[in-house]
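Please open the model in a viewer and keep the sequence panel beside it. The tour below proceeds by selection, and each stop states what is to be found there.

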Amino acid sequence: MFQRIKQFYWDITSKFKSIDREFVDRYLYDEDKVLFYQLKKAEQHHVIRVAKNAKNKINELITNVDENKFMRICLLHDVGKIGGDLTVIDRSILVLANKLTKGKIKKYTNINKIYVYYNHAHIGADLLKKKGYDEDFVKTIRYHHSEGYSRDIMLNILREVDDIS
């Protein structure tokens, strides 16, 4: 729960800095940036934190992960939230409601914000697939909130750092 409070604080206080823009410019192609900059500012900060934490993790583990591709995945992993109009407050309420109801709120997916909150990974994957992104890229984004072990190191790292970022 403390981690969620920290995330909320980061979301409401973060300012986009030139170092963030440089990070985005370093890893994203022009067509990626079109999607990235459609995310709300809080989501942009979140995915940058995810990418930076993931970069540290792959450097720490000394893996053979393609860093450029993985950073693109991290920076675009929440593109499914683009049309959902989820504010920082909405996300915080949904996180708390999910905890309090032990996930039962998920059945109210007829409410757009709840639908997007629970399905953004699939929405984003479908969007990227239509735009011609490769299957590994799409798969990693589609399953970044799925439970269970995977043999895919990028997927496992993305899940881990997304939870703490």
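## A charge over a ring

Select lysine 52 and phenylalanine 23: lysine 52 lies over the face of phenylalanine 23, at 5.4 Å from the ring centre. Please bear in mind throughout that this is a predicted model.

## The whole chain

Now return to the full chain and colour it by secondary structure. The protein chain comes to 9 helices and 0 strands, and its elements, read from the N terminus, run α-α-α-α-α-α-α-α-α. The C-alpha trace spans about 40 × 35 × 30 Å along its principal axes. How does the radius of gyration of the protein chain stand against that of a compact globule? For 165 residues a compact globule would have a radius near 15 Å, and the protein chain has 15 Å, so the two agree.

Display the surface next. The accessible surface of the protein chain comes to about 9500 Å², and 53% of that belongs to carbon and sulfur atoms. Of the 165 residues, 46% count as buried. Among contacts with a separation of 6 or more, 65% are accounted for by residues 24 or more positions apart.

## Aromatic pairs

A search of the whole structure finds 4 aromatic pairs. Select phenylalanine 36 and tyrosine 37, whose ring centres are 4.9 Å apart; their planes stand at 90°, so the pair is edge-to-face. Which of the two residues is buried, and which is partly exposed? Phenylalanine 36 is buried, with a relative accessible area of 0%, whereas tyrosine 37 counts as partly exposed at 30%.

## Helix H5 and its surroundings

Select residues 67–76, which form helix H5. H5 is mostly covered, with 8 of its 10 residues buried. The buried residues are Lys69, Phe70, Met71, Arg72, Ile73, Cys74, Leu75 and Leu76. Against which helices do the buried residues of H5 pack? To see the answer, add helix H2 (18–27), helix H3 (30–36), H4, H8 and H9 to the selection, since the buried residues of H5 pack against these elements.

## Asparagine 53 in helix H4

Move to asparagine 53, which has its place in helix H4. Asparagine 53 counts as partly exposed, at 28% relative accessibility. Leaving aside residues up to four places away in sequence, asparagine 53 touches Val161, Ile164 and Ser165. For a distance check, pick glutamate 67 as well: asparagine 53 and glutamate 67 are 14 residues apart in sequence and 12 Å apart in space, C-alpha to C-alpha.

## Isoleucine 62 in the following loop

Most residues other than glycine have a negative phi, and most peptide bonds are trans. With that in mind, select isoleucine 62, which is not a glycine and yet has a positive phi of about 50°. Isoleucine 62 lies in the loop between helix H4 (41–61) and helix H5 (67–76). The residue is exposed, with a relative accessible area of 73%.

## Helix H6 and serine 92

Select residues 88–100, the extent of helix H6. H6 has 13 residues and reaches 18 Å from its first C-alpha to its last, close to the 18 Å expected at 1.5 Å a residue. Show the side chains of Val88, Asp90, Arg91, Leu94, Val95 and Ala97, which are the buried residues of H6. An α-helix has 3.6 residues a turn, so residues three or four places apart point the same way.

Serine 92 also has its place in H6. Serine 92 is partly exposed, with a relative accessible area of 22%, a value above the 20% under which a residue counts as buried. The C-alpha atoms of serine 92 and glycine 148 are separated by 25 Å, the two residues being 56 apart along the chain.

Just after H6, select lysine 102, which takes a positive phi of about 55°. Lysine 102 is found in the loop between H6 and helix H7 (112–130). Is lysine 102 buried or exposed? Lysine 102 is exposed, with a relative accessible area of 76%.

## Glutamate 147, the final stop

Finish at glutamate 147, in the loop between helix H8 (135–142) and helix H9 (153–164). Glutamate 147 is exposed, with a relative accessible area of 77%. Add arginine 159 and draw a C-alpha to C-alpha distance: glutamate 147 and arginine 159 are 9.1 Å apart in space and 12 residues apart in sequence.

Methods. Residues numbered from 1 in each chain as written. Predicted model: local features only at pLDDT ≥ 70, side-chain atom pairs only at ≥ 80, totals over all residues. Heavy atoms only, no water. Helix = DSSP H or I, 4+ residues; strand = E, 2+ residues; numbered from the N terminus. Buried < 20%, exposed > 50% of the residue type's maximum accessible area, 1.4 Å probe, protein only. Phe/Tyr/Trp six-rings, centres within 6.5 Å; stacked < 30°, edge-to-face > 60°. Lys NZ or Arg CZ within 6 Å of the ring centre and 35° of its normal. Expected span 1.5 Å × (residues − 1). Rg over C-alpha atoms; globule rule 2.2 N^0.38 Å. Contact = heavy atoms within 4.5 Å. Areas by Shrake-Rupley, 256 points an atom, 1.4 Å probe, with all protein chains shown as cover.
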